[in-house]
Amino acid sequence: MSTEHHYQQLIDIFDGCFKDAFQTRLIKGDDEPIYLPADESSPWHRIVFAHGFYASALHEISHWCIAGEARRQQVDFGYWYCPDGRDAQTQSQFEAVEVKPQALEWMFCAAANFPFNVSCDNLEGDCEPDRIGFQRKVHAQVMHWLAQGIPPRPARFIAALQHYYGTPALSAAHFPWPEAL
């Protein structure tokens, strides 16, 4: 059982789960995160996370777990992204597409006994995001998956994190209601 968190642990755990079955590797990057499908420069699909940050790796893995087969053939899964500095409408669109990935990220954090922080990711925007409201939506998605079943890829990764970090099965008690934080 390990109580320290280092990005190399995630690389090893992820590769053990998905390298062969999905031809996908987790890669430490130096700058912004990006997903790169296999191409002439690499036979591997690559989830590149920012600066060796453990939390960045978990977040990028969560996006990969949401993306279907067709999306996994496109750079950054073909998703729309608007950087920090969003107006209220664009922030609302951003949050709508981030609920499921952040719910998985929270579940990964719980499985690894690592702190989770919901991210509205709009420090320079002209609107103040409703952080608690957004976390309630993320919380509702976590509760849905706990009740209805976690999709196979994230379930496999959660099980591997639990095995490595010696954490128990996930339950609602691991995910406090946002006002309780």
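Student: In this predicted model, which residues cover the two faces of E3?
Tutor: Take E3 one side at a time. On one side sit His 45, Ile 47 and Phe 49, and they are buried. The other side is covered too, and its buried residues are Arg 46 and Val 48.

Student: How many of the residues of E3 are buried, and what does that say about the strand?
Tutor: Buried means under 20% relative accessible area. E3 is largely enclosed by the rest of the structure, because its buried count is 5 of the 5 residues.

Student: In what order do the 3 strands form the open sheet?
Tutor: The pairing in this sheet is mixed. Neighbouring strands are turned by 20° against each other on average, direction ignored. The order is E1-E3-E2.

Student: Which strands stand at the edges of the sheet?
Tutor: Look for strands with a single partner strand. One side of such a strand is left without a neighbour in the sheet. That describes strand E1 (24–28) and strand E2 (34–36).

Student: In which sense do E1 and E3 pair, parallel or antiparallel?
Tutor: Thr 24 stands opposite His 45 in E3. E1 and E3 are joined over 5 bridges. The sense of this pairing is parallel.

Student: In which sense do E2 and E3 pair, parallel or antiparallel?
Tutor: Here Leu 36 stands opposite Arg 46 in E3. The pairing of E2 and E3 runs over 3 bridges. Its sense is antiparallel.

Student: What angle does the direction of H1 make with that of E1?
Tutor: H1 packs on the sheet. The strands that H1 touches are E1 and E3. Against the direction of E1, the angle of H1 is about 160°.

Student: At what angle to E3 does H2 run?
Tutor: H2 lies across E1, E2 and E3. Relative to E3, H2 runs at about 145°.

Student: What does H2 span from its first C-alpha to its last?
Tutor: H2 has 13 residues. At 1.5 Å a residue, 18 Å is expected. The span of H2 is close to that, at 19 Å.

Student: How many of the residues of H2 are buried?
Tutor: Among the buried residues of H2 are Tyr 54, Leu 58, Ile 61 and Trp 64. His 59, Glu 60 and His 63 are also buried. H2 is mostly covered, with a buried count of 11 of its 13 residues.

Student: Which helix gives the most to the largest nonpolar core?
Tutor: This core has 41 residues, and Leu 26, Phe 108, Phe 157 and Leu 161 touch the most other members. The elements that give two or more residues to it are helix H1 (7–22), strand E3 (45–49), helix H2 (54–66), helix H3 (88–112), helix H4 (131–148) and helix H5 (152–165). The top contribution is 10 residues, and it comes from H3.

Student: Which residues is Phe 157 in contact with, leaving aside its neighbours within four places in sequence?
Tutor: One group of contacts is Leu 10, Ile 13, Phe 14, Cys 17 and Phe 18. Phe 157 also meets Leu 58, Ile 61 and Phe 108.

Student: Why does Tyr 7 count as partly exposed?
Tutor: Tyr 7 has its place in helix H1. Not counting residues up to four places away in sequence, Tyr 7 touches Lys 28, Phe 49, Gly 52 and Tyr 54. Partly exposed lies between under 20% and over 50%. Tyr 7 counts as partly exposed because its relative accessibility is 22%.

Student: How far apart in space are Tyr 7 and Phe 53?
Tutor: In sequence, Tyr 7 and Phe 53 are 46 residues apart. From C-alpha to C-alpha, their separation in space is 6.6 Å.

Student: Is Pro 43 buried or exposed?
Tutor: Pro 43 lies in the loop between E2 and E3. Not counting residues up to four places away in sequence, Pro 43 touches Gln 23 and Ala 38. Its relative accessibility is 55%, so Pro 43 counts as exposed.

Student: What share of the residues in the chain is buried?
Tutor: The chain has 5 helices and 3 strands. From the N terminus on, the elements run α-β-β-β-α-α-α-α. Of the 181 residues in the chain, the buried share is 45%.

Notes:
Residues are numbered from 1 along each chain as its sequence is written. This is a predicted model: local features need pLDDT of at least 70, side-chain atom pairs count only at pLDDT 80 or more; totals for chains, interfaces and linings use all residues. Side-chain values use heavy atoms; hydrogens and water are left out. A nonpolar core is a set of buried Ala, Val, Leu, Ile, Met, Phe, Trp, Tyr and Cys residues joined through side-chain atoms within 4.5 Å. Buried means under 20% relative accessible area, exposed over 50%, partly exposed in between (1.4 Å probe, protein chains only). Helices (H or I, at least four residues) and strands (E, at least two) are DSSP runs, numbered from the N terminus. Contact means heavy atoms within 4.5 Å. The expected span of a helix is 1.5 Å times one less than its number of residues. Two strands pair if DSSP finds at least two bridges between them. Axes are lines fitted to C-alpha atoms, for helices over the stretch in contact, and angles run from 0 to 180 degrees between N-to-C directions.
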